[in-house]
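Visitor: Could you pick one part of this protein and walk me through it up close? I'd like to know what it looks like and what it packs against.

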Amino acid sequence: MLNGLRPFLSGINAYVMSGKKQAIRGWTRTQTRLGRKAAGPVMVLGILSSLVGVAQAWCIAVVLGHALISLHSGLSPHSFPVWPIVSFLVLALTRACVVAGADVAAANAGIEARRRLRGEVLGSILAGGPALLRQTHSGALTSTAVDRIEALDGFFGRWIPASVTWIAAPALVLIPVYIIQPRAGLVLGLCGLAVPFGQAIFGIGAAVASRNQFLAMTRLQARFLDRVKGIATIVLAGRTEDETQRLADAADELRQRTMKVLRVAFLSSASIDAAMVIALIVVAIMDGKVALALQAENASPQLEHVLTSSLFVLLVIPEFFAPLRALALAYQDRAHAQGAATAVLDLPAAQSHPALEEQQLASERAISITLDQVCFTWDPARGQALDNISFKVPAGETVILTGASGSGKSTLMELLLGFIKPESGQIRLNETPLETISSDALSRIISWIGQKPTLFAGTLRDNILFAHPDADEQTLMAAVKAAAVDQFLPSLPEGLETRIGEGGFGLSGGQAQRIAIARAYLKNAPVLLLDEPTAHLDPETEKSIFESLQQLALNKTVILATHSAAAHMFNGQQIGLQNGKIIFQQGAA
């Protein structure tokens, strides 16, 4: 039976992979279309640089051709033409300005595109919320927002212009070559046509190698970030040497994959070099035979023309292949774009919400919350996390959710915060469906305090003001006093200017929780969500924290999730949860 299923499963896998490849191509085409407008000046200046290079080649060919004929016929130096030398110097200065302008335009195109893309990626990460961390490692998200977007600089600044100039510039260079020497033009055209085939062969390998390199980099970053976070556990468990070796192995894997990318890039460049050398040799042999025959006949005028035209073609050949070489060098940037597409497409789409009722909702201070037959599942194998949950919290009232760990309290909080969406049913704020409210509007009307507050490295002042950066000193001190932060400030060396480490290092659990309460006071949102705010605290600290929370909850719509016995300090409707279901309700709805 399994043997019979294998072809079917293989077909499904191939279909999924085909769909993913189409999505990557579609994303790349979209970015190319968006980037072409900004890259337009780079394309124009690149083509202009090639044309100036052709003119420079003609000036050099005239000078060298005249010099060789002078040596051959014994002409005096004063008959040497001056105009090619003057023209060459003017053209050299012009080309330097054109190249500088192209570099500046390419840099600006890359900056503009990366700014736009990084904003989109950050928007997608924010749209996914904390629930995204259940699917993707934080190190991988950081790599996508920073490294992968940064690596796209070459895609927008080099690849997109090169994808146009590699055809346009050689075609324009080939025109004067064909007019002056049709045979040389034919040879040059055939050698140029052979280059894309080599690039296609090596390009496939470059794309695969680049994706594998980024995967190795992401794995190394994720492992390193995990080990830094858990360094105390590693040291106490005596696993320092083992983890050091594993990091070294991950770094070595990245080194090997990087070298493979470079190897493929060198082979790609070698195919262009081979085509250029063949063109040089063939043209030199053909024109050399003609020049030797004219020299034997002592036909000086014809010989000067042949020498000048031959030298011009030989000097133009590197100019002809320069855009092709630029395309080969930029092919690696295209591979980076495909790797970035894989990571970006895995992120949730940043959704735009209608803002019809947002302003009215954000301005209201009385907000009710209604849950109507809400269901949600994290893992189908483990059953529903929430099963047909229905209740209403009137504006300004309190609901206390009780139940053992795993009963669905935190899942319910994540739904209310908009981090995840219900599979069925609906959540409404003042009868406005939650899914129609943007994350910005939702964040303005909801304050949340969890089990372990997130504090950033910096001063206590900065951490409290994070909720309201524009608050004045009087408002800040009112929040500090209301949250009882002022009770432990005298024990700190610099008061509110005391610096703490990442995650609140340097503060006790109760002190960190009070900083979070001060934030909520400062924000003063009409809805307050409390998810096990006193977990892991001793009874005395827990009682003190609940007293501060009682003051914070005045005139607010509150949902408190807890299994603490001290929750009786809050008056309100009590709802008991077990295995994602409501098992009892006490109090008025």
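Guide: Sure, let's zoom in on helix α3, which covers residues 138–150. Keep in mind that we're looking at a predicted model. The helix has 13 residues and reaches 18 Å from its first C-alpha to its last, close to the 18 Å expected at 1.5 Å a residue. There's a bend to look for, though: α3 has a kink of about 40°, and Thr 144 sits at its centre. Thr 144 is also one of the buried residues of the helix. The others on that list are Gly 139, Ala 140, Leu 141, Ser 143, Ala 145, Arg 148 and Ile 149.

Now for a packing partner. Helix α2, residues 83–128, has an axis that comes within 10 Å of the α3 axis, and the two cross at roughly 170°. Angles over 145 degrees count as roughly antiparallel, so that's how α2 lies relative to α3. On the α2 side of the contact you'll find Arg 114, Leu 117, Arg 118, Val 121, Leu 122 and Ile 125. From α3 come Leu 141, Thr 144, Ala 145, Val 146, Ile 149 and Glu 150, so to speak, with the kink centre Thr 144 among them. Sort the residues of this contact by character and you get 8 nonpolar, 1 polar and 3 charged.

Stepping back for context, the chain has 15 helices and 12 strands. Of its 589 residues, 45% count as buried. And if you take contacts between residues at least 6 apart in sequence, 80% join residues at least 24 apart.

How values were computed:
Residues are numbered from 1 along each chain as its sequence is written. This is a predicted model: local features need pLDDT of at least 70, side-chain atom pairs count only at pLDDT 80 or more; totals for chains, interfaces and linings use all residues. Side-chain values use heavy atoms; hydrogens and water are left out. Helices (H or I, at least four residues) and strands (E, at least two) are DSSP runs, numbered from the N terminus. The expected span of a helix is 1.5 Å times one less than its number of residues. The bend at a residue is the angle between axes fitted to the seven residues ending there and the seven starting there. Buried means under 20% relative accessible area, exposed over 50%, partly exposed in between (1.4 Å probe, protein chains only). Axes are lines fitted to C-alpha atoms, for helices over the stretch in contact, and angles run from 0 to 180 degrees between N-to-C directions. Angles under 35 degrees count as roughly parallel, over 145 as roughly antiparallel, 65 to 115 as roughly perpendicular and the rest as oblique. Contact means heavy atoms within 4.5 Å. Ala, Val, Leu, Ile, Met, Phe, Trp, Tyr, Cys and Pro count as nonpolar, Asp, Glu, Lys and Arg as charged, and the others, Gly among them, as polar.
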